[in-house]
Amino acid sequence: MTDLSRYRNIGIFAHVDAGKTTTTERILNLTGKIHKIGEVHDGAATTDFMEQEQERGITIQSAATTCFWNDHRLNIIDTPGHVDFTIEVYRSLKVLDGGVGVFCGSGGVEPQSETNWRYANDSKVARIIYVNKLDRLGADFYRVVDQVKNILAAKPLVMTLPIGIEDDFKGVVDLLTRKAWIWDDSGDPRNYEVQDPPADMADKIEQYRQELIETAVEQDDDAMEKYLEGEEPDIDTIKKCIRKGTIALEFFPTYCGSSFKNKGVQLVLDAVVDYLPNPTEVNPQPEIDLEGNPSGEYAIVDESKPLRALAFKIMDDQYGALTFTRVYSGVLEKGTSILNTFTGKTERVGRIVEMHADSREDLDRAVAGDIVALVGLKNVQTGHTLCDPSNPATLEPMVFPDPVISMAVSAKDKSASEKLGVALGKMVREDPSFRVETDQDSGETILKGMGELHLDIKVDILKRTHKVEVEVGAPQVAYRETITQQIEDSYTHKKQSGGSGQYGKIDYIIEPLEVGSDFEFESKVVGGNVPKEFWPAIEKGFRTSTEKGVLAGYPILGFKVTLIDGASHAVDSSAVAFELAARAAYRQSIPKAGPQILEPIMKLDVFCPEDNVGDVIGDLNRRRGMISAQDTGPTGIRVKAEAPLAEMFGYIGDLRTMTSGRGQFSMEFSHYAPCPRNISDQVIEAAEKRKAEKEKK
């Protein structure tokens, strides 16, 4: 049997540019996986192996790798920090047992860190915190610790203190042992000495050590009693208490260092082994029934139980489709057949490989707790459950956000057109937040994604990876429609054409709901005027109509239909007749209910030098932005705001111009809000223009 207590499935996540990938490189070097350290800014990092990642110096897709430390096996996923790729973080956290949250020593808790932290809270993932880049100008470990408390509402348990800061950063003090780890300037992470800490830090060390022990012993009544009587627990007892509290999400052990300068990473690795849970120590995955409701059963992490595994990422490379899979229970063996509960079909496991970024090692089997890649599965997509065909079950699936931006692409010639379809099929399988649709009227291919950068990189992948030349239209905003007034109405569908006819009469109320909420349907019919078996058909008629609004053809949100009465015919009434009645009722009543265009509003976080803050705020006001907060940091001002997506295209170029290249921003979808009248008129006019052009064709 595999010793699962020696497994750690962890993810490394943070805001863009906080040093996740650099930290992963150091871990791989220290654990003997790589001998030459690759740098992100040189485009040579091991886990950033896509051309687009190397050029832009950012991580786009999560990369999986396996290494060993102190006789423990670490399955590590390096996730992207950029907001357009949060889906990668979300789905990685879904299958991990623990995480390392990396924060920049000078930037502190940045917006993407907040989003990732929220995802990790939702997934109940235990974490340790690593404050990186303490060698940078403006770095301040204690300020970042305060931000973790105030912004993330989390409880950091400080485990190490920095010796020196910025250019003078030499090493760290381990509070448990009261020993200083000092690295030399050779850049080799193994060149360090453990010695007594600087005398001028004695008071600070005792203060933080006391806080550490007091917080830890709260996890154990015996240790607490002894401590109150004046007896300090031994280090093993303190570590057990810290482990217990970390797994229970009571607090987060907090470390510091500089990955780029190779200082402090060993202690983070020790903490992963000492404090993060093994696969048997986390809550088991709940199973669901065919309707998607919890069945009360759980996938227990145990080799002797039936197979339960979750496909959490699909990736295409030169060897075929790779399906990254987390095995929750049972054993997955090469050559056996597994059932995909989503499709209801079985597939044969051809190869099982252990990934190291883009290289791989073949395995014969994978057991509960493993993260592996399966080669050659045909119809598996992200979130599908793979299980034992003789003992089927479905694990809780993943939920992905809807795209907010779209653009039209067309192949340059006929041969490219065929390649485009195949390439887009592969890309949609890889990334569930990327959607592709064909416009029924114009025949155009529409790409939908989470932001400009997201679609920009997808087009780049089409051109370079799949060698498909495409022409690209301007990005389009995903507007929505809604209604503002309640209306009571009636519609009768009557058709007679020899033989049995069609008849269905419905009386209904249409009313607006909260902006951005979904469509709702309710029937209050009493008596048999509209027989119960026709209610689903009426709901379906209204629901399918919501895909096309009456103003500009955008999907319509936020309204409720209540069926209050109607009439049916013993012979001529049917589900089809009532569905057609509902569709016609929608077309008749929605224009009378005060229809309105909604636009996506984005949450913005703009960082700029203090000298430029007036220009930046003035520019955001011109873009219909609402400023919500300004935070002053050591290296500049952070402006938090909300602004319509329609006004934010090309913003990065304008921001760089205003700030001489020093400004940065991140943006994520917040909510839908009503459009101002003049904007709404432009949106409707543009839709009518497109419609007229299509009719000409």
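**Salt bridges and surface charge in a predicted model**

Lysine 448 and glutamate 437 form a salt bridge in which the closest N and O atoms are 3.3 Å apart. This pair links distant parts of the chain, with lysine 448 in strand β27 (residues 445-449) and glutamate 437 in strand β26 (residues 435-438), 11 residues apart. The model is a predicted one, and the structure holds 26 salt bridges, some of which are described below together with a patch of negative charge on the surface and the surroundings of lysine 170.

**The chain as a whole**

- The chain has 697 residues, of which 54% count as buried, and its secondary structure comprises 16 helices and 38 strands.
- Among contacts between residues at least 6 apart in sequence, 72% join residues that are at least 24 apart.
- About 30700 Å² of the chain is exposed, and carbon and sulfur atoms supply 47% of that area.

**The pair lysine 448 and glutamate 437**

- Lysine 448 has a relative accessible area of 25% and is therefore partly exposed, the range for that class running from 20% to 50%.
- Glutamate 437 also counts as partly exposed, because its relative accessibility is 40%.

**The pair lysine 560 and glutamate 522**

- Lysine 560 forms a salt bridge with glutamate 522, and the closest N and O atoms of this pair are 2.7 Å apart.
- Since lysine 560 lies in strand β34 (residues 559-567) and glutamate 522 in strand β33 (residues 520-523), the pair ties together parts that are 38 residues apart in sequence.
- Lysine 560 counts as buried because its relative accessibility is 16%, and buried here means under 20%.
- Glutamate 522, at 29% relative accessibility, counts as partly exposed.
- Elsewhere, Asp619, Arg622, Arg623 and Asp654 are joined into one network by salt bridges that share partners.

**The pair arginine 178 and glutamate 206**

- Between arginine 178 and glutamate 206 there is a salt bridge whose closest N and O atoms are 2.8 Å apart.
- Arginine 178 is found in the loop between β8 (171-174) and β9 (179-183), while glutamate 206 belongs to helix α6 (residues 202-217), so the pair ties together parts that are 28 residues apart in sequence.
- Arginine 178 is partly exposed at 34% relative accessibility, and glutamate 206 is likewise partly exposed, with a relative accessible area of 36%.

**A patch of negative charge**

- Asp221, Asp222, Glu225, Glu229 and Glu231 gather on the surface in a patch of negative charge.
- One of these residues, glutamate 225, has its place in helix α7 (residues 221-228).
- With a relative accessibility of 51%, glutamate 225 counts as exposed, because the class begins over 50%.

**The surroundings of lysine 170**

- Lysine 170 lies in the loop between β7 (160-163) and β8, and at 44% relative accessibility this residue counts as partly exposed.
- When neighbours within four places in sequence are left aside, lysine 170 is in contact with Ile163, Trp181, Ile182, Trp183 and Lys263.
- Lysine 170 and aspartate 185 are 15 residues apart in sequence, and the distance between them in space, taken from C-alpha to C-alpha, is 8.6 Å.

Key. Residues are numbered from 1 along each chain as its sequence is written. This is a predicted model: local features need pLDDT of at least 70, side-chain atom pairs count only at pLDDT 80 or more; totals for chains, interfaces and linings use all residues. Side-chain values use heavy atoms; hydrogens and water are left out. Patches are made of residues with over 30% relative accessible area and no salt bridge: like charges are joined within 9 Å, nonpolar side chains (Val, Leu, Ile, Met, Phe, Trp, Tyr) within 5 Å. Accessible areas come from the Shrake-Rupley method with a 1.4 Å probe; for residues, only the protein chains shown count as cover. A salt bridge is a side-chain nitrogen of Lys or Arg within 4 Å of a carboxyl oxygen of Asp or Glu. Lys and Arg count as positive and Asp and Glu as negative; His and the chain ends are not counted. The place of a charge is taken as NZ of Lys, CZ of Arg, CG of Asp or CD of Glu. Helices (H or I, at least four residues) and strands (E, at least two) are DSSP runs, numbered from the N terminus. Buried means under 20% relative accessible area, exposed over 50%, partly exposed in between (1.4 Å probe, protein chains only). Contact means heavy atoms within 4.5 Å.
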